[in-house]
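This report walks through one protein chain for a reader at the bench, moving from a single residue outward to the strands, the cores and the reliability of the coordinates. Please keep the sequence and the structure at hand while reading.

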Amino acid sequence: MELSRAWLVACLVVPPLTGCVTVRTETPMAPPVTYTCCETADIDRLYAPGQMFTLHWIVEESGEQSTTPPRPVDLEAELTGPFATVEALKAAMESSAGPAGPATFKAETVRTSSEPGHRPVSTSAIPTDAGTGFYNLVTTVTYRTPG
């Protein structure tokens with residue numbers, strides 16, 4: 001499987017209060033449906049301990065008829081932080097070590113199929129011992145081979 005990593009330029013183009021997003025995608029063959037991260041409201045915010053993190057996956061249909069059955073898909077989201085400011089998060093993104101923070105936590109993996117019309121959501125509670133701040137979001141989409 002080919003692993004591609006894209007550092008989204010969203011950090012530089014969207015409003016200054018937006019956190020940075022890292023995306024990893026594994027796709028052996030083009031599926032009839034693709035999943036990408038996420039609505040701006042999911043990342044354009046300051047998170048506090050005990051708060052619920054919710055990520056609404058964007059689903060795009062290729063428009064092509066597929067002759068193969070829908071493939072299983074794993075959707076993962078991980079937050080690392082907190083960072084006191086967006087600037088501190090961006091500086092961590094630019095460092096060679098990457099965006100490390102005192103807390104890293106994952107939303108439960110969403111297992112779905114690449115069927116059109118499905119709108120998956122990843123959720124996770126921000127731990128009560130985590131700090132308030134901006135968190136770096138890393139998403140992973142893995143299209144698995146059926147069977």
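## Surroundings of Asp-74

Once its neighbours within four places in sequence are set aside, Asp-74 is in contact with Thr-109, Val-110, Arg-111, Thr-140, Val-141, Thr-142 and Arg-144. These contacts, like everything that follows, are read from a predicted model.

Asp-74 belongs to strand 6, and because its relative accessibility is 10%, under the 20% cut-off, this residue counts as buried. The C-alpha atom of Asp-74 is separated by 8.4 Å from that of Ser-113, although the two residues are 39 apart along the chain.

## Strand 6 and its partners

Strand 6 covers residues 72–83, and nine of its 12 residues are buried, so this strand is largely enclosed by the rest of the structure. With strand 10, which spans residues 134–143, strand 6 pairs in the antiparallel sense over nine bridges, and within this pairing Leu-79 has Leu-137 of strand 10 as its bridge partner.

Strand 6 is also joined by four bridges to strand 8 (residues 110–113), the two running antiparallel, and here Val-73 stands opposite Thr-112 of strand 8. A further antiparallel pairing, over four bridges, links strand 6 with strand 7 (residues 103–106), where the bridge partner of Thr-80 is Thr-104. As a general point, the side chains of a regular strand alternate between the two faces of the sheet.

## Nonpolar cores

The largest nonpolar core has 22 residues, and those that touch the most other members are Tyr-35, Phe-53, Leu-55, Ile-126 and Leu-137. At least two residues of this core come from each of strand 3 (33–36), strand 4, strand 6 and strand 10. Another core, of six residues, lies apart from the largest one, and its members include Leu-89, Ala-92, Met-93 and Phe-134.

## Aromatic residues

The structure holds four aromatic pairs. In one of them, the ring centres of Tyr-47 and Tyr-135 are 6.5 Å apart and the ring planes meet at 75 degrees, so this pair is edge-to-face. The pair links distant parts of the chain, since Tyr-47 sits in the loop between helix 2 (40–43) and strand 4 (52–56) whereas Tyr-135 is in strand 10, 88 residues apart.

Tyr-47 counts as buried because its relative accessibility is 2%, and Tyr-135, at 5% relative accessibility, likewise counts as buried. Together with Phe-53 and Phe-105, Tyr-47 and Tyr-135 form one aromatic cluster.

## The disulfide

One disulfide is present in the structure, and this disulfide joins Cys-37 to Cys-38 with an S to S distance of 2.1 Å. Both Cys-37 and Cys-38 are buried. In chemical terms, a disulfide is a covalent bond between the sulfur atoms of two cysteines.

## Confidence in the model

Across the protein the mean pLDDT is 75, and 67% of the residues reach 70 or more. Over residues 1–18, however, pLDDT stays under 50, although the model has 34 contacts beyond four places in sequence for this stretch. Where pLDDT is low, the predicted coordinates should not be read in detail.

Conventions: Residues are numbered from 1 along each chain as its sequence is written. This is a predicted model: local features need pLDDT of at least 70, side-chain atom pairs count only at pLDDT 80 or more; totals for chains, interfaces and linings use all residues. Side-chain values use heavy atoms; hydrogens and water are left out. A disulfide is a pair of cysteine sulfur atoms within 2.5 Å. Buried means under 20% relative accessible area, exposed over 50%, partly exposed in between (1.4 Å probe, protein chains only). Rings of Phe, Tyr and Trp (its six-membered ring) pair if their centres lie within 6.5 Å; planes under 30 degrees apart count as stacked, over 60 as edge-to-face and the rest as tilted. A nonpolar core is a set of buried Ala, Val, Leu, Ile, Met, Phe, Trp, Tyr and Cys residues joined through side-chain atoms within 4.5 Å. pLDDT is the predictor's confidence in each residue, from 0 to 100. Contact means heavy atoms within 4.5 Å. Two strands pair if DSSP finds at least two bridges between them.
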